[in-house]
Amino acid sequence: MMAANELRDIPHESVTTPLPEQCEIAIIGGGIMGLSLAYNLTQAGLRDVVVLERGYIAQGASGRNGGGVRQQWSTEVNIRLMQESVALCKRFAVELGVNVWFRQGGYLFLARTDRELARLGKNIALQNRCGVATELISPSAAQNIVPELNLDGIVGAAYNPSDGVLFPWPFLWGYAQKAVQAGARLFTQTPIGGLHRASHGYTLHTPRGAIRARRVINAAGSWSPQIAAMLGIEIPTWPIRHEICSSEPLKPFLGPMVSELASGLYCSQSMRGEIVGGVNLPGHGASYDMGSSLEFLATYARRLTRLMPTLRNVKVLRQWAGPYDCSPDGNPILGAAPDDPDFFMASGFVGHGFMMAPIIGQLYAQWLGGGTKHDIFDMYQLARFTTGDDSAPKEDFNIG
Ligand SMILES: Cc1cc2nc3c(=O)[nH]c(=O)nc-3n(C[C@H](O)[C@H](O)[C@H](O)COP(=O)(O)OP(=O)(O)OC[C@H]3O[C@@H](n4cnc5c(N)ncnc54)[C@H](O)[C@@H]3O)c2cc1C
């Protein structure tokens, strides 16, 4: 088995290899969504699958995220999707031959007001009905789980022990490797510069040539609106920079991912001992800026050391940022475009696309491979924004 910290040559086509003239399905974007799709489509029996990534795999949000995987959500559909995703994460290392360091240390959400506590309680009732064992616990019970917590101002918490964290990169390597072994072709350094409707599908234009595809999946994450615009389709998502940082490695002490509702502060300890975390910085508009700011570092340091004073002298080793792919209702955009039944979408996953990708890839492959179409593809279709269809369940727990 490949170790998580073992940088392997991910199988991809050489930059001098010409594109094939045509394929059955072209996937635009080599992030977690595109690669999960490629892997799952090959498992569903489709061999003629091509992934086109403009840079390197994990160049976008997928290579920059916190690796949090949780089942604590406010809608039944997301809770059930995430139960499936967690099950897939547990099997990933064995089935794909890559150690992704998945550690189920739980997720601990902290409330500072009675209103926040009531919100947690409402979500927990739904999670319990779905079979997720989240508990509403007292501040002192939270401190039993994380003894370093400063309980000043904490009124209670939600804790689910089977949530967890993983190391994102090997997850992408695993999908890429198995997809290519099963016949998919992965072209990096291949930006899509043009996309046109053609007879029996689409023509995709890249600097290394054109390729015809019968079906196209737009998995370009925060850049999906630009791809859709090439067909005159408007996707109402926008990028927001989300910053994150990692400390020097510490002796293991932190079991769960800890998140504070009001500030959006979150932190977890990686298997290597680093404290990885971030915080919301309100007041910043749409941007592809992926730079790092002192404002983030100061805000994060203040919030984190208030919550865990023992971290006061810890050194930050790395700071980086990536785009949250935001949608108007916090839900993703899935399914076929209204007038383009062979142009599919997989974007708008805000800050939780990594944890959703295993199950979204599987359900898409089930459908496009000729099997059952899951309800989410109608529920979250793009047309809801133009028809005024307000029936999709509203997720209000897009935090941490
Ligand atoms: C700091 C941070 C922390 C996060 N924490 C978590 C977390 O704890 N848990 C979680 O589940 N999610 C988290 N997320 C969100 C998660 O990372 C994303 O939802 C997920 O990675 C989206 O995957 P994707 O494949 O859709 O997009 P991306 O990973 O962005 O991939 C899109 C790809 O498309 C490529 N592309 C763009 N334009 C073109 C083009 N013209 N031609 C070809 N290719 C193109 C890009 O280069 C990119 O590689 C976090 C995000 C950030 C930024």
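How many cavities of 30 Å³ or more does the structure contain? In this predicted model, the count comes to two cavities of that volume or above. The pockets, which are open, were considered separately from the cavities, from which the probe cannot get out.

The largest pocket encloses about 840 Å³ of space, and among the 49 residues that line this pocket, G60, A61, S62, G221 and P323 lie closest to its centre. Both domains take part in the lining of the largest pocket, with at least three residues drawn from each of domain 1 (22–64 + 168–237 + 329–387) and domain 2 (103–162 + 239–324). At the level of secondary structure, at least two lining residues are supplied by each of the helices α1 (32–43), α6 (224–229) and α8 (353–368) and the strands β12 (238–247), β16 (316–326) and β18 (340–347), and it is β16 that provides the largest share, namely four residues. In terms of residue class, the lining of the largest pocket comprises 23 nonpolar, 22 polar and four charged residues.

Turning to the cavities, the second largest has a volume of about 30 Å³ and is lined by L35, A38, V51, A176, A179, V180, A184, R185 and L186. Two or more residues of this lining come from each of α1, α5 (168–181) and β8 (185–187), with α5 giving the most, three residues. The lining of the second largest cavity is made up of eight nonpolar residues and one charged residue, with no polar residues; helix α1 thus contributes at least two residues to the lining of the largest pocket and two or more to that of the second largest cavity.

Notes. Residues are numbered from 1 along each chain as its sequence is written. This is a predicted model: local features need pLDDT of at least 70, side-chain atom pairs count only at pLDDT 80 or more; totals for chains, interfaces and linings use all residues. Side-chain values use heavy atoms; hydrogens and water are left out. On a 1 Å grid over the protein atoms alone, a cavity is a set of points where a 1.4 Å probe fits but cannot get out, and a pocket is an open set with protein on both sides within 12 Å along at least five of seven lines; lining residues have an atom within 4 Å of a point. Grid points are joined across faces, edges and corners, and a volume is the space filled by probe spheres set on the points. Ala, Val, Leu, Ile, Met, Phe, Trp, Tyr, Cys and Pro count as nonpolar, Asp, Glu, Lys and Arg as charged, and the others, Gly among them, as polar. Domain bounds come from an automatic or database domain assignment.
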